[in-house]
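Colleague: I'm new to this structure and would love a close look at one part of it. Could you walk me through the largest pocket and what lines it?

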Amino acid sequence: MRVDGGEWVLGRRMDELFPQQSVSKTWVALTVLDMVDQGKLRLDQKVRITRDDLAVFHQPIRDQVIANGSIEVSVLNLLETSIRASDNTANDSLLRTVGGPQAVKSFIARKNLGAIRFGPGERALQSGIAGLDWKQEYAIGRRFYAARDAVPLATRKAALDRYLNDPIDGASPQAIVRALAKLAKGELLSASSTRIMLDIMSRTSSGPNRLKAGVPAGWSFLHKTGTGQVLPPVSTGYNDIGIMTAPDGTRYAIAVMMGSTTASIPQRMTFMQFVSRAVASYHQN
């Protein structure tokens with residue numbers, strides 16, 4: 001979607017709902033910053049995280065919590081860790097701080113962001129996809145993986161199929177790029193909160209070989225990735241959304257969402273790079 005100089009949208013399957021996975025951290029962060037704008041939260045406000053708050057999968061913050069029993073982290077630090085490093089515990093801690101999933105859903109509705117669903121948080125989402133009921137012990141080590149491996153294949157496949165057919169965290173690519181355009185134009189947050197969000201997204205460390213690797217020299221790029229579970233040979237929720245800015249300042253909002261795929265990781269990356277290169281090529285022409 002072109003953000004500046006006359007909006008237009010181009011894509012395929014733009015109105016279908018695709019699993020977001022960690023792309024949904026974007027809406028948690030925006031809800032947090034919206035509450036900061038309203039004076040309901042402060043960026044320097046401390047959030048306590050204990051072993052009972054740990055999540056699943058990627059959560060670099062976990063080692064600090066286990067080593068200390070509990071830690072206190074600022075809202076701003078959690079925003080950085082959630083978006084830039086895609087830390088699931090940081091994200092769930094922010095989600096708890098804003099009042100839970102309903103607060104994020106209310107933000108999405110109030111800002112008229114359209115076909116963007118928000119799920120129950122990382123623990124319930126990921127355990128449900130795997131055919132499990134969450135137990136807090138799964139947050140430690142590789143216990144979640146062990147429990148998932150013990151689920152009968154038919155049960156796990158049925159759970160995954162239900163998720164893919166009607167993703168609880170589903171969003172349409174069109175709604176996502178329109179939301180990114182609103183963010184870029186300062187229509188979702190205050191000027192200062194908009195700068196904070198875009199700056200953090202510009203330093204995202206995940207997915208360096210996805211859309212970002214196809215962005216030409218001289219352009220700038222900020223983004224948020226998502227990566228779902230794998231049940232061979234199918235990988236799910238392999239996503240990247242972002243904003244490309246041309247040397248002349250023209251911005252494009254992009255969303256590549258792979259709900260399920262059997263393509264190899266290099267093939268997926270190559271496809272995403274083709275998309276970002278195509279955007280740049282179209283702009284130059």
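Modeller: Happy to, and a good place to start is Phe 274, which is found in helix H11 (residues 265–284); helices (H or I, at least four residues) and strands (E, at least two) are DSSP runs, numbered from the N terminus. Please keep in mind that this is a predicted model, where local features need pLDDT of at least 70 and side-chain atom pairs count only at pLDDT 80 or more, while totals for chains, interfaces and linings use all residues. Residues are numbered from 1 along each chain as its sequence is written, and side-chain values use heavy atoms, with hydrogens and water left out.

Now to the pocket. On a 1 Å grid over the protein atoms alone, a pocket is an open set of points where a 1.4 Å probe fits, with protein on both sides within 12 Å along at least five of seven lines; lining residues have an atom within 4 Å of a point. The largest one has a volume of about 970 Å³, the volume being the space filled by probe spheres set on the points, which are joined across faces, edges and corners. Of its 34 lining residues, Gly 11, Arg 12, Ala 255, Val 256 and Phe 271 are the closest to the centre.

Helix H11 supplies at least two residues of this lining, as do strand E1 (18–19), helix H9 (173–184) and strand E8 (251–261). E8 gives the most, with ten residues. By type, the lining divides into 25 nonpolar, six polar and three charged residues; Ala, Val, Leu, Ile, Met, Phe, Trp, Tyr, Cys and Pro count as nonpolar, Asp, Glu, Lys and Arg as charged, and the others, Gly among them, as polar.
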